[in-house]
Amino acid sequence: MGILDKIQEIEREIARTQKNKATEYHLGTLKAKLAKYRAQLLEPTGKKGEKGDGFDVMKSGDARVAMIGFPSVGKSTLLSTITKTESAQASYEFTTLTCIPGVIEYQDANIQLLDLPGIIEGASQGKGRGRQVIAVARTADLILMILDATKKDIHKDLLEKELESVGIRLNVLPPNIYFKQKKAGGISFNSTVPLTQMNEKLAQMILHEYKIFNAEVLFREDCGADAFIDVILGNRMYLNCVYVYNKIDQIPLEEVNRLARQPHCVVISCEMKLNLDYLKDCLWEHLNLIRVYTKKPGCPPDFDDSIILRNGVSVKHVCHAIHRTIEQVFKYALVWGTSTKYSPQRVGLSHIMHDEDVIQVVKK
Ligand SMILES: Nc1nc2c(ncn2[C@@H]2O[C@H](COP(=O)(O)OP(=O)(O)OP(=O)(O)O)[C@@H](O)[C@H]2O)c(=O)[nH]1
Ligand SMILES: [K+]
Ligand SMILES: [Mg+2]
């Protein structure tokens, strides 16, 4: 029996198993098995990642955004509209067959936008170019899920399922579970909060399914089997996603309003060039980037040239971004902006920077 058959069989068994206290252990074990087979499915087969198949695009710019969507929803039209790159568009499906990079210029940042072939149900199991597309999606900092506003919400659910089944989690934080494999000592199971979906026995059964007999487990959040399996496998990706409904020129205004009110959603029309600036603002927000301006002593800050960094970085990261040797001669920094109480304030390497802070490094 092939892996796909095994997966189907387990999925069928999960579907026909009633969810209650008596079956909770059985279901937990089944879920662990399922995740194991799916992981096998994703392992490189030797054929994957071939050079020259058009998917090995170099990362460039400050961040990478990948467009995922069904065929003919307007991915290439969007790339051609908001970047200087032209990607072929047509009314037939699978117009795009490779990965086409473009650049969105937003304030001082260059954001790489990737146009990709459309994916369909079953993509995660290798249908169409699904696997290559998903492999590219895993390298992105943000997923842009392009949806056809005339096609209701069904595509969104299907795509989310496809991504979920290959370990990509959208707009959620990793489960707050501490997990560490040990050489000996059995399984120690603890929690800092009351657990309603997990207990020591279930955790043990799931771990045994992965042949793990020694480990330290600490639940800091009321999670269930699925989240625990994600943590054990450790190869899950937690990505931000913006849902973009294109072609709103084709639907009634009430429907546009309904779609626009959903979380993480933007409604646009490439054809009528509607809402595209707002889309860029949304991208920037979901990328979670900050801009830091540098300043030389006695000179005004250089507002024309910012350094783009991930939110949450420290002065140390800023130093690295300026020049890799600067940390060695670093004495302290002066920072102006919302990250400090006083402007300027003397700070050390561990100080956390905010968006639009100004920094002056004072050398030894
Ligand atoms: N009405 C309308 N049509 C649009 C809009 N954007 C794109 N289209 C049309 O949708 C069709 C598909 O556009 P593409 O950009 O090729 O779609 P795609 O998602 O790249 O398709 P594949 O590469 O085949 O996956 C084309 O005929 C476009 O002209 C829009 O905002 N409104
Ligand atoms: K198309
Ligand atoms: Mg296309």
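Two strands count as paired here if DSSP finds at least two bridges between them. Keep that in mind as we walk through this model, which is a predicted one.

Let's put the rule to work straight away. Phenylalanine 179 stands opposite valine 217, a residue of β8. The two strands involved are β6 and β8 (residues 215–219); they run antiparallel, with 5 bridges joining them. Step back a little and you'll find that they belong to an open sheet of 3 strands, ordered β6-β8-β7, in which the pairing is mixed. The edges of this sheet are β6 (177–181) and β7 (187–191); each has a single partner strand, so one side of each is left without a neighbour in the sheet. From one strand to the next, the twist averages 5°. There's a helix to look at here too: α6 (residues 200–209) packs on the sheet and touches β7 and β8. The direction of α6 makes about 135° with that of β7.

Now for the overall layout. The protein is divided into three parts: domain 1 takes 3–44 + 175–233, domain 2 takes 64–86 + 95–118 + 136–172 + 237–286, and domain 3 takes 289–363. If you want a feel for the spacing, the centres of domain 1 and domain 3, taken over C-alpha atoms, are separated by 44 Å. UniProt, in an unreviewed entry, has its own label to add: the feature "domain: OBG-type G" at residues 63–288. Over residues 63–288 the chain is 30% helix and 26% strand, and the end C-alpha atoms lie 10 Å apart.

Next, have a look at strand β9 (residues 237–246), which is joined to strand β4 (residues 142–148) by 7 bridges, the two running parallel. Within this pairing, leucine 147 stands opposite tyrosine 245 of β9. Strand β5 (residues 168–170) also runs parallel to β9, and 3 bridges join them. Here isoleucine 168 has methionine 237 in β9 as its bridge partner. Then there's strand β10 (residues 265–267), again parallel to β9 and joined to it by 3 bridges. To spot that pairing, find valine 244, whose bridge partner in β10 is valine 266.

What about the ligand? There are 24 residues around ligand 1, and Gly74, Ser76, Thr77, Thr96 and Gly118 come nearest. Helix α3 (residues 75–82) gives the most to this shell, with 3 residues. As for chemistry, the shell around ligand 1 divides into 13 polar, 6 nonpolar and 5 charged residues.

Finally, follow the chain to another open sheet, this one formed by 5 strands in the order β12-β11-β15-β13-β14, with mixed pairing. Its edge strands are β12 (306–310) and β14 (345–347), each of which pairs on one side only. The twist in this sheet averages 35° from one strand to the next. At the β14 edge, strand β13 (residues 330–336) runs antiparallel to β14, and 3 bridges join the two. Alanine 333 is a handy landmark there, with valine 347 as its bridge partner in β14. Helix α10 (residues 315–322) lies across β11 (289–294), β12, β13, β14 and β15 (357–363). Relative to β12, helix α10 runs at about 130°.

Key. Residues numbered from 1 in each chain as written. Chains lettered and ligands numbered in written order. Predicted model: local features only at pLDDT ≥ 70, side-chain atom pairs only at ≥ 80, totals over all residues. Near = placed C-beta within 6 Å. Helix = DSSP H or I, 4+ residues; strand = E, 2+ residues; numbered from the N terminus. Nonpolar A, V, L, I, M, F, W, Y, C, P; charged D, E, K, R; others polar. Axes fitted to C-alpha atoms, helices over the stretch in contact; angles between N-to-C directions. Contact = placed C-beta atoms within 7 Å. UniProt positions renumbered as here; feature names shortened; annotations may be inferred. Domains from an automatic or database assignment.
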